[in-house]
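Let's look at a structure together and ask how each label earns its place. Keep the picture open while you read.

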Amino acid sequence: EASERCAALEAQLEQAVAAREQLSSVNATLQQSIAEHDELRRQHSAAEASVQHSSAMQTEASERCAALEAQLEQAVAAREQFSNLNASLQQSIAAHEDLRRQHSA
């Protein structure tokens, strides 16, 4: 009877050792999966930050473009105004020269 109990205990011990090795292997796989998951999470966060930065830069570029378009419109309007003033000045000079010729005559 003692030999049978001893053999049964040895069998249980072998099963326990095998289960411990299996558990150790599963634990190592789990640790690797956790590390890979953490890396994927980090990469995802970095990608999100990059997208947000890109979106912010695009918004800033759009705002700068709109501001430059407004400045361009102002510059075109100012050029037209200058051109009109210049034409008016040329007419005034021509009229003044005409009056001077008439006065001399």
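Q: What share of the surface that the protein chain exposes comes from carbon and sulfur atoms?
A: Carbon and sulfur atoms supply 55% of the roughly 9700 Å² that the protein chain exposes. Keep in mind that this is a predicted model.

Q: How many helices and strands does the protein chain have?
A: The chain has 1 helix and 0 strands.

Q: What makes the protein chain count as more spread out than a compact globule?
A: Set two values side by side: the radius of gyration is 45 Å, while the globule rule gives 13 Å for 105 residues. The value is well over the rule, so the chain is more spread out than a compact globule. The box filled by its C-alpha atoms, taken along the principal axes, is roughly 155 × 10 × 5 Å.

Q: How far apart in space are Glu21 and Ala77?
A: Their C-alpha atoms are 84 Å apart, with the two positions 56 residues apart in sequence numbering. Another pair to find is Glu63 and Gln12, which are 51 residues apart in sequence and 75 Å apart in space, C-alpha to C-alpha.

Q: Why is Glu21 called exposed?
A: The label exposed needs a relative accessible area over 50%. Glu21 has 55%, so it counts as exposed. This residue lies in helix H1.

Q: What about Glu63: is it buried or exposed?
A: Glu63 also lies in helix H1. Its relative accessibility is 53%, and therefore it counts as exposed.

Q: What percentage of the residues in the protein chain is buried?
A: Buried residues make up 0% of the 105 residues. To be called buried, a residue must be under 20% relative accessible area.

Q: How do you know that Arg42 and Glu39 form a salt bridge?
A: The cut-off asks for a side-chain nitrogen of Lys or Arg within 4 Å of a carboxyl oxygen of Asp or Glu. For Arg42 and Glu39 the N to O distance is 2.7 Å, so the pair meets the rule. In general, side chains of opposite charge can pair when their charged atoms come close.

Q: Where do Arg42 and Glu39 lie?
A: Both are in helix H1, which covers residues 2-104, and they sit 3 residues apart, about one turn of the helix. Arg42 is partly exposed at 48% relative accessible area, and Glu39 is partly exposed at 33%.

Q: What makes Arg101 and Asp98 a salt bridge?
A: Their closest N and O atoms are 3.6 Å apart, and the limit is 4 Å, so this pair passes too. Arg101 and Asp98 both lie in helix H1, 3 residues apart, about one turn of the helix. By this rule the count comes to 2 salt bridges.

Q: Why is Arg101 called exposed, and why is Asp98 called partly exposed?
A: The line between the two labels is 50%. Arg101 has a relative accessible area of 53%, so it is exposed. Asp98 has 33%, so it is partly exposed.

Q: How many disulfides does the structure hold?
A: It holds 0 disulfides. Cys6 is partly exposed, with a relative accessible area of 40%, and Cys65 is partly exposed at 40%.

Q: How far apart are the mean positions of the positive and negative charges?
A: The mean positions of the 8 positive and 16 negative charges are 14 Å apart.

Note on methods
Residues numbered from 1 in each chain as written. Predicted model: local features only at pLDDT ≥ 70, side-chain atom pairs only at ≥ 80, totals over all residues. Heavy atoms only, no water. Helix = DSSP H or I, 4+ residues; strand = E, 2+ residues; numbered from the N terminus. Rg over C-alpha atoms; globule rule 2.2 N^0.38 Å. Buried < 20%, exposed > 50% of the residue type's maximum accessible area, 1.4 Å probe, protein only. Areas by Shrake-Rupley, 256 points an atom, 1.4 Å probe, with all protein chains shown as cover. Lys, Arg positive; Asp, Glu negative; His and termini not counted. Charge placed at Lys NZ, Arg CZ, Asp CG, Glu CD. Disulfide = S-S within 2.5 Å.
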